[in-house]
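Got your viewer open? Load the model below and we'll go through it stop by stop, starting with the full view and then zooming in.

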Amino acid sequence: MNKSYLLEIGVEELPARFVGDALEQLQMNTSNLFKEERINYNNMRVYSTPRRLTLIIDGLGDKQEDLKETVKGPAKKIAFDEEGNPTKALLGFMRGQGIDISSVYVEEYNGTEYVYANVLKEGNSIEQIISRDMSKIIKSINFPKSMRWGGKNIRFARPIRWLVSLLDDEIVPFNLEGIEASNITKGHRFLGSSRIVINHVNEYIESLRQNFVILDQAERKDIIKYGCEKLAKEKGGNLQQDENLLDEVTNIVEYPTPMIGRIKEEYLSLPADVIITPMKEHLRFFPVLDDKKRLLPYFITVRNGNEDFIETVIKGNEKVLGARLEDAKFFYMDDIKRSLESYVEDLKTIVFQEKLGTLYDKTKRVQNLAVKIGEYLEVGEETEKNIERAGYLSKADLVTKMVSEFTELQGKIGMEYAKTSEENEIVGLAIFEQYLPRFAGDELPTTTAGSVLSIADKMDTISGLFAIDIHPTGSQDPFGLRRQALGIINIILEKKLNLSINELVETALYFYVEINGLAFDYNKVKAEIIEFFNGRIRNMFMDMGIRYDIVDAVISTNIDDIYDMKIRANKLNEWLKKDGLSEMLSAFNRVSNLAEKAITNEVQRDLLTEDEIELYEKFNNMEEKIDVLINKKEYDKALDQLVILKEPIDNFFDKVMVMVEDEKIRNNRLGLLKKIYDKMLQICDLSKIVNK
């Protein structure tokens with residue numbers, strides 16, 4: 001086990017966002033193949049540049065492991081004739097397995113005797129497996145967008161131009177729709193050789209380096225990061241950290257050389273975001289900030305090449321940035337001739353969604369919903385005014401020239417234009433914060449107004465799309481509704497907001513009817529949205545380390561306050577670590593099983609027998625105390641009270657027949673059990689807990 005294998009898929013430049021997932025698939029699919037084919041190896045590495053995906057496997061065996069297996073043949077009665085000679089059936093079986101009569105034996109299976117044989121299947125050579133299956137591995141890589149080219153059937157993100165398939169120093173040939181694997185690769189498109197012969201796998205990485213290709217993406221990333229930071233420090237500043245931008249730049253260069261340019265003074269009077277957004281989103285430049293995070297008049301970019309003529313390249317980049325910023329300056333100066341409020345009417349001309357009205361309609365719905373959320377949270381008068389004003393202005397920047405050109409600035413420009421229009425600072429911040437969080441791990445709103453507006457905006461979108469039967473299916477979520485639901489949940493948990501999801505959904509759907517006259521099956525849509533949220537809550541709580549049955553116990557109740565659910569789940573998680581709870585849980589399962597058959601939880605004391613009164617009175621005596629503990633959110637202590645009922649519950653079931661023929665007596669007994677069960681559900685559904 002000392003061979004090394006190299007597979008290189010040479011392509012036209014891959015989109016940066018496709019690279020990471022493609023490498024994962026290449027490694028995983030190859031690993032699965034080798035496991036399935038019984039091929040041992042020590043280590044598997046994957047690398048990428050814009051023009052290649054590379055797989056290197058070290059410590060590879062010469063062949064598959066031999067396979068010993070027992071093979072079942074025909075029944076004995078048809079395998080041998082009356083004289084004990086092999087029949088055609090047995091001869092065919094032996095021929096198919098490559099064995100002779102000496103390898104055959106008979107055993108009984110389910111009362112019938114069958115012919116069996118122990119067969120040794122020798123493994124194929126590693127060369128045979130590679131030649132046969134490597135083209136399948138390449139075809140198995142999926143991309144968000146693929147293409148066909150040159151009359152080929154294979155779909156790939158970009159055309160495949162060459163293939164390298166090398167086992168130590170030997171080419172392992174295979175053909176991918178006319179593209180023959182060889183030992184010839186290509187260097188940097190402009191600086192390296194277009195024909196590099198790889199004589200051995202061990203010289204591959206260094207051969208590329210000599211031709212201005214740094215294969216290891218982690219090494220390129222370090223060169224970019226530390227090179228950019230060094231340049232920023234030399235100017236007395238700091239590189240603005242942006243991991244996504246760093247990853248993107250890493251995946252678009254093969255030989256990175258960081259360089260620093262200057263921003264013209266005339267553009268520095270623009271808001272920082274107006275400068276930074278074109279730099280990062282359109283040109284992939286890194287901003288430089290001072291110690292107070294203020295923008296300095298520099299940018300850092302990364303050249304795909306060496307330092308030759310670098311001053312000329314820097315000037316070219318300065319010129320490109322200047323043209324972008326000149327456009328931005330024109331749009332900004334033109335936009336601020338009007339107040340932010342004046343843009344609201346223009347929203348009537350922009351469709352939000354064909355069935356859900358215009359952006360103006362959405363603005364009205366979001367504003368109304370945000371005000372309602374403020375009422376639910378009992379916010380102060382000043383905050384209520386800020387919420388209402390921010391809701392009215394929330395989408396106004398979407399029709400400005402700046403956002404039309406630089407869509408990434410939505411919200412940020414709204415905040416800037418709120419300042420120039422002399423709006424309240426909190427109103428401006430809320431306009432920006434309505435879009436938070438924008439992605440996993442993003443910052444959350446800092447203000448109450450921003451939090452409320454963000455929840456309202458996301459809930460409006462989710463409710464509207466569900467109402468017209470557009471919702472996530474499987475891995476498909478084109479409108480990002482899962483992300484928006486998680487955003488709502490994260491804001492609620494972070495800000496410790498006591499909000500009813502039921503009320504939020506009902507209110508959001510109501511405004512669709514009132515403002516848009518939208519017709520839909522209200523109960524069905526509401527149930528679908530609640531279940532959608534419960535799914536996100538379930539996954540999030542489990543990611544926090546809460547047991548699945550505890551999550552189900554909390555979600556199964558009528559409680560729909562997400563922050564309160566989290567408190568209950570944490571309390572129950574700790575409470576269940578106590579000793580001796582197994583028998584108590586069994587007792588409550590008996591209660592819940594019968595309580596579901598009850599018509600009412602009303603109990604007539606005069607119909608109770610002496611054996612029932614103990615349970616009835618003990619529960620009545622503690623009910624008020626349980627209510628106090630629930631109101632104080634001391635759910636673990638409320639559960640401790642219910643534990644006291646274990647003995648009277650057991651006595652009740654030992655001495656009382658619940659399902660008697662007398663309807664009055666039966667319903668009264670069921671009512672008693674339901675009374676206890678209903679109180680339990682005010683905390684959680686203990687019947688969902690799995691005894692461990």
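## The whole chain

With everything selected, the chain exposes about 33600 Å², and carbon and sulfur atoms supply 46% of that area (Shrake-Rupley method, 1.4 Å probe). Before going on: this is a predicted model, where local features need pLDDT of at least 70 and side-chain atom pairs count only at pLDDT 80 or more, while totals for chains, interfaces and linings use all residues. Residues are numbered from 1 along each chain as its sequence is written, and side-chain values use heavy atoms, leaving out hydrogens and water.

Switch to cartoon: the chain has 25 helices and 18 strands (DSSP runs, H or I of at least four residues for helices and E of at least two for strands, numbered from the N terminus). Its radius of gyration is 35 Å, well over the 26 Å that the globule rule gives for 692 residues, so the chain is more spread out than a compact globule (C-alpha atoms; the rule is 2.2 Å times the number of residues to the power 0.38). The C-alpha trace spans about 105 × 100 × 45 Å along its principal axes. Of the 692 residues, 51% are buried (under 20% relative accessible area, 1.4 Å probe, protein chains only).

## Stop one: a three-stranded sheet

Select 67-75, 104-109 and 112-121, which are β4, β5 and β6. They form an open antiparallel sheet in the order β4-β6-β5 (strands pair if DSSP finds at least two bridges between them). β4 and β5 stand at the edges with a single partner strand each, so one side of each has no neighbour in the sheet. From one strand to the next, the twist averages 40° (axes are lines fitted to C-alpha atoms, for helices over the stretch in contact; angles run from 0 to 180 degrees between N-to-C directions).

Seven bridges join β4 to β6; label T70 and you'll find N118 of β6 opposite. On the other side, β5 and β6 pair over six bridges, with E108 opposite E113. Their hairpin has two residues between the strands, and N110 there takes a positive phi near 55°.

Now add 88-97: helix α3 lies across β4, β5 and β6, running at about 165° to β4 (contact means heavy atoms within 4.5 Å).

## Stop two: helix α15

Jump to 448-467. How far apart are the end C-alpha atoms of α15? They are 28 Å apart, which agrees with the span expected for 20 residues (1.5 Å times one less than the number of residues). Since 19 of those 20 residues are buried, α15 is largely enclosed by the rest of the structure. Finish at D469, which follows α15 and has a positive phi near 65°.

Key. Buried < 20%, exposed > 50% of the residue type's maximum accessible area, 1.4 Å probe, protein only.
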